[in-house]
Structures are given as C-alpha cells and as structure tokens.
Amino acid sequence: MVRPTQLLHPQRAPAPVRPAATVLLLRDGPQGIEVLMTRRSMTASFAPGAYVFPGGGIDAADARAHAQSTRRPSQSDLRLTQAIAAIRESFEELGVLLARRADGSHLDTAQIAALDRKAPFAAMCADLGLTLSGAEVHVLAHWVTDRDLPRRFDVPFLVARMPAGQEPVADESEQFEPLWVRPADALARHAAGRFFIIFPTIRTLERLQAYAKVDDILIGCAINEKPLFTSCPRAGLMNGHESRHMEHEPPFGELALVCPDGQIVHELAWQTERPVPLLKNVQRLTAPNPGFMTGPGTNSYVVGDPSTGHIVIDPGPDDPEHIERLWRAAGGDIRAIVCTHSHPDHSPGAPRLQRLCAGSDQGPPPILGLPSAPTSRENSRFTPDRALADGERLVLVGADSDGLSSHSLRVVHTPGHAANHLCLLLEEDGLLFSGDHILNGSTTVIDPPDGNMGAYFESLDKLDRLCARHDVNFILPAHGYVLGDYPVSADNPGGPEHGGARAAIANLRAHRLAREAKVVKAMKALPDGSMDDWVKIAYDDVPERLWPVAKRSLLAHVEHLQSLGGFNV
C-alpha cells in the first residue's frame with residue numbers, strides 16, 4: 001500500500017454519501033427503446049438544469065412500506081426499499097404511479113391528476129387500495145457520486161416499464177419538461193450541446209443502446225439482483241479540461257494512485273517534454289516513440305528522491321533529448337539504470353544515460369538487467385554491466401527532513417514476452433513496474449522463439465502471488481496509464497475497491513485464455529488451415545491491419561496448445 005508520505009497532494013475527506021434511488025421508466029417505441037427523462041430545476045443543489053431520470057433520497061417511510069408492495073423472492077430488504085423510494089419519487093415528480101389495484105390495473109393519468117402528490121405516499125396508496133409494484137422494479141446499475149463533488153449519493157439506477165394509460169406530468173418545482181427519448185438521440189443531442197446530461201446519465205444511456213426491447217433489459221436484470229455494473233468515477237484533466245472515467249477505462253487507476261481522495265489536479269494528456277509526477281518518489285517520462293506497438297510511447301520511470309538518489313527503469317530508445325530529460329528529472333543523481341528487457345524501445349538509451357552521469361559524484365551508474373537470450377532478435381541484443389538475480393533487491397537509502405528515506409526495488413524474473421524480461425516491485429509502496437508483461441489498453445505480443453506463452457502464463461501467476469504477498473494495488477506498465485485502484489478507505493484498508501493489481505492480472509489472464517479458446521476454435525474449424533487462415537477467426541475482433549503482428553501471438557498460442565498435448569499441427 002502506498003505510503004501516505006509519498007502522496008503528492010494533502011488529502012481531504014470526500015463528502016459523505018446519502019442513500020438515494022433513481023428509476024429509468026422505459027417503453028418500446030417505433031424505433032426502439034425510449035426512456036423518460038426530465039429537466040431539473042435551474043436552482044437545484046445538484047446538477048441544476050440537467051436532464052435526468054426521476055428519483056431522489058430514500059425516506060425512512062420507504063422501508064416501512066414493504067408490506068404494501070409486491071416482492072420478488074430474491075429481492076432483499078434493501079432492494080425493495082430502493083424500489084419503493086423510486087416509485088414514490090416517480091409519483092411526486094412526474095405523476096407516474098407504479099402501483100396496481102386488486103384487479104391488476106393501473107390508475108390512468110386523469111385519476112392520478114386528482115391525487116395530492118404531497119400527501120404521505122404509502123398511506124395514500126393504502127387508502128386507494130393500491131399495491132406498490134416493487135417486484136416490477138429491477139436494479140440496472142449502482143452509482144456512487146464522484147469523490148470530488150460537494151454533494152454525493154449512493155444510488156441504484158433502477159428500471160421499470162412505464163404503466164399503460166399514464167403520461168408524465170412534471171411537478172414544475174423540482175422537475176420540468178418530461179420527454180421520451182431514445183438513448184442514442186439523447187446522447188447525440190448532448191454531444192451537440194443541446195441536451196445537458198451528467199456523466200452517470202451518459203454512461204447509463206450508452207449501455208441502454210445495446211438493448212432492442214424493454215423486455216431484453218428487464219429479463220437481463222431479473223437474472224440476479226446484482227447491478228450490471230457499479231461505478232464511483234474519478235476525474236482528472238485532459239488538456240486542462242475536466243475528464244471523468246469509470247473503473248474499466250484506462251485512466252482510472254492512475255487517478256486512483258495520484259489523487260485517491262478525488263481532487264481534480266492530475267493532467268492525463270500524453271506528452272514527452274516533461275516528467276509526470278505520480279508520487280513524490282516516482283516520476284514517469286514518456287519517450288517520443290508513439291505507435292501501434294508502443295501506444296503513446298515507452299514509459300521511463302524515475303524512482304527515488306533527492307536524499308536517496310534515483311534508479312531509472314527503462315530509459316527507452318536512444319533519443320538524446322529524452323535521455324537528457326531523464327537525467328534532469330533525477331537531478332543528475334542516478335544510482336542505477338534497470339532495463340526490464342532488451343527490446344529496442346526499452347534498453348538502447350541506457351549507455352547514453354550512463355555516459356551523461358559520468359561526471360556526477362557517484363560516477364557512472366551500472367546498467368542492470370538480464371542479458372538477451374540466444375533466441376532474441378538481432379535488434380534486441382543486450383548485455384548489462386551486471387545481471388540481476390530473481391528476488392534480488394536494489395535499495396536506495398537517504399535521510400530527509402522527515403527522517404530516514406528508503407526505496408527498495410525487488411527484481412522478479414518474468415519470461416514470456418521476452419526470455420530476459422523482468423518486473424520490479426517497489427516494496428515500501430506496493431507498486432509493480434511491469435515492463436511489457438502487463439500493459440494498459442492492449443495486450444503484449446508474445447513472439448516466439450524468444451516469447452513463450454506457457455512461460456507468460458506462469459509469470460502472470462508468479463506476479464499474482466507476489467501482489468497478494470506484498471499488498472500491491474497498482475501496476476505501472478511500460479505503455480499506458482497506471483493500472484489498479486486504492487483501498488476502500490484509510491479506515492478499511494483490507495483491499496482495493498475493484499481488486500487492484502490482482503484484478504488487472506486476473507482480467508488479463510482471462511483475456512488470454514479467451515483468445516486461446518478462439519485459437520482452438522479456429523484450428524478445429526480449419527484443421528488443415530494455415531496461420532493466415534486461423535488469424536482471421538481467432539483475431540476477428542482485431543483490425544486486419546494488425547493481423548501480421550497478431551500472427552506472432554497466434555503462433556505462441558499454438559505452441560502452448562501443442563505443449564499441453566492438445567494439438568499437433
């Protein structure tokens with residue numbers, strides 16, 4: 001777990017969350033699903049002027065009304081309370097009443113218009129002989145308001161079918177201008193600046209586009225009582241503008257590392273001109289070598305502080321300007337240069353950086369790593385000054401104003417992407433520098449003979465065990481943003497909200513196994529086929545222009561299957 005002393009910004013406690021409920025009232029339109037939305041008051045304390053789904057806070061009376069509602073056998077007390085709150089809010093705000101008479105019928109719009117929306121809701125329904133339709137309200141998603149906002153809510157996004165014979169009538173106090181809209185149309189209007197919706201609404205509408213009919217959604221939600229997705233988004237800056245992201249999106253882990261309390265201060269736009277501080281003792285400088293194999297470029301990391309000196313991880317290509325920026329980021333005090341492996345976007349800059357440090361008090365730092373194997377390609381030949389051993393520790397120690405300062409990097413040999421690949425664990429802060437073994441936004445290429453899929457899986461398992469043993473929450477890859485997330489809270493450090501580093505490893509492993517299953521499918525469909533034939537099936541979700549690269553990993557999968565005795569080609 002990251003030491004609080006290494007965080008860049010003073011931490012503040014996010015606002016407490018309040019329980020609430022929101023409901024998406026749906027109907028089947030001539031061109032697909034339509035959802036009921038309404039505009040919030042311009043004086044509202046939360047999201048003024050935004051188009052939203054009806055909903056609001058949960059009252060104590062909602063929990064006391066269980067006996068007046070239908071209920072699914074699997075519907076928990078909490079889910080029923082939330083459903084009743086959503087039913088009540090829909091009535092109060094829009095005059096939509098999800099309740100039935102004894103014969104199963106709904107009140108119509110005219111009958112609802114005669115009711116007092118400000119009267120005690122449950123008592124009014126009881127007097128009318130109405131049973132609340134809690135069993136017909138399903139949970140779609142679970143949102144917790146972003147940590148940076150002054151008013152925060154813990155709110156399920158529920159779904160229900162709009163009762164026949166009812167039309168929405170806004171209360172003209174909290175809600176205005178109710179309208180039925182297709183999710184795609186709402187998103188298009190928002191993109192054009194004519195329909196203001198906030199981040200959770202946008203992401204929910206995006207998910208709704210995948211469904212053709214209301215029944216498809218309700219059946220999908222009825223399978224179990226768990227939300228289809230859960231999110232507490234994080235926000236950063238993209239070229240100076242606010243940019244929000246869900247847990248599955250690439251920047252989320254980096255925002256969790258740099259700003260665990262949700263402050264919007266971290267710039268996410270990729271650039272190569274200056275180092276990006278991630279912690280007080282970790283800087284990232286991205287080399288100017290973007291491409292479809294390198295993403296935004298190769299990440300070089302500078303670990304340490306002025307009192308301890310620094311270790312540079314992956315100096316990158318031999319680019320003079322990039323190497324000088326690395327030297328300046330370390331204040332010229334570099335104690336070691338470590339290459340995670342010998343590929344040409346990782347190690348060639350090491351000698352130039354070493355020469356640049358020759359005049360320092362410490363003298364030229366050693367270039368460390370593992371020598372390239374005979375199986376490596378010609379442009380990946382690498383011989384370090386000293387070979388590192390699996391499990392070896394590289395330790396920086398110094399004294400600053402706060403006392404003793406230390407940064408210890410444990411070496412982990414992880415063959416798979418390359419025979420000489422290694423990762424580094426910053427033990428004091430639970431950070432894994434993963435080189436090319438684990439990337440953010442793509443999967444690494446396994447290129448035989450130096451790459452080996454079996455070894456890659458074994459190394460993933462090795463890293464998983466390491467992360468469990470050392471409480472690793474974040475992975476810092478050689479390409480892309482930081483992966484992972486922070487523990488639930490400082491008071492509850494038992495585990496990260498969404499699995500942290502181990503979840504990233506598990507997701508990657510599952511993705512690789514799913515790809516291998518597609519390889520098996522391709523080989524069975526075309527037993528006499530060639531690599532060109534199989535790649536079209538196994539990588540049908542990858543752009544055709546990338547198939548020449550994909551064939552390298554395809555070969556690695558085939559060899560792995562052969563090693564398991566599954567196929568002979």
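## Aromatic contacts and a small enclosed space

Phe53, Trp143, Phe157, Phe199 and Phe229 are joined by ring pairs into a cluster. The structure in which this cluster lies is a predicted model, and a search of the whole of this model finds 8 aromatic pairs.

Among these pairs is the one between Tyr51 and Phe195, which is stacked, with 4.2 Å from centre to centre and 15° between the planes. This pair links distant parts of the chain, since Tyr51 belongs to strand 3 (residues 51-52) while Phe195 sits in the loop between helix 5 (183-191) and helix 6 (199-208), 144 residues apart. Tyr51 counts as buried because its relative accessibility is 12%, under the 20% limit. Phe195 has a relative accessible area of 4% and is therefore buried by the 20% limit.

Another pair, Tyr301 with Phe433, is edge-to-face, its ring centres being 5.2 Å apart and its planes set at 65°. Here too distant parts of the chain are linked: Tyr301 is in strand 15 (residues 299-305) and Phe433 in strand 23 (residues 431-435), with the two positions 132 residues apart in numbering. Both Tyr301 and Phe433 are buried.

Which residues lie over the faces of Phe195 and Phe229? The table names the arginine in each case and gives its distance from the ring centre.

| Arginine | Ring | Distance from ring centre |
|---|---|---|
| Arg189 | Phe195 | 6.0 Å |
| Arg207 | Phe229 | 4.2 Å |

Phe195 thus has two contacts described here, the stacked pair with Tyr51 and Arg189 over its face, whereas Phe229 belongs to the ring cluster and has Arg207 over its face.

A separate part of the chain concerns strand 13 (residues 276-279) and strand 14 (residues 282-286), which pair in the antiparallel sense over 3 bridges. A hairpin of 2 residues joins strand 13 to strand 14, and Val276 stands opposite Arg284, a residue of strand 14.

Val276 and Arg284 also appear in the lining of the largest cavity, together with Glu254, Glu267, Leu268, Ala269, Trp270, Gln271 and Thr286. How many cavities of 30 Å³ or more does the structure hold? There is 1 of that volume or more, and the largest cavity has a volume of about 40 Å³. Its lining residues divide into 4 nonpolar, 2 polar and 3 charged; Arg284, which faces Val276 across the paired strands, is one of the residues lining this cavity.

Methods: Residues are numbered from 1 along each chain as its sequence is written. This is a predicted model: local features need pLDDT of at least 70, side-chain atom pairs count only at pLDDT 80 or more; totals for chains, interfaces and linings use all residues. Side-chain values use heavy atoms; hydrogens and water are left out. Rings of Phe, Tyr and Trp (its six-membered ring) pair if their centres lie within 6.5 Å; planes under 30 degrees apart count as stacked, over 60 as edge-to-face and the rest as tilted. Helices (H or I, at least four residues) and strands (E, at least two) are DSSP runs, numbered from the N terminus. Buried means under 20% relative accessible area, exposed over 50%, partly exposed in between (1.4 Å probe, protein chains only). A charge sits over a ring if NZ of Lys or CZ of Arg is within 6 Å of the ring centre and within 35 degrees of the ring normal. Two strands pair if DSSP finds at least two bridges between them. On a 1 Å grid over the protein atoms alone, a cavity is a set of points where a 1.4 Å probe fits but cannot get out, and a pocket is an open set with protein on both sides within 12 Å along at least five of seven lines; lining residues have an atom within 4 Å of a point. Grid points are joined across faces, edges and corners, and a volume is the space filled by probe spheres set on the points. Ala, Val, Leu, Ile, Met, Phe, Trp, Tyr, Cys and Pro count as nonpolar, Asp, Glu, Lys and Arg as charged, and the others, Gly among them, as polar.
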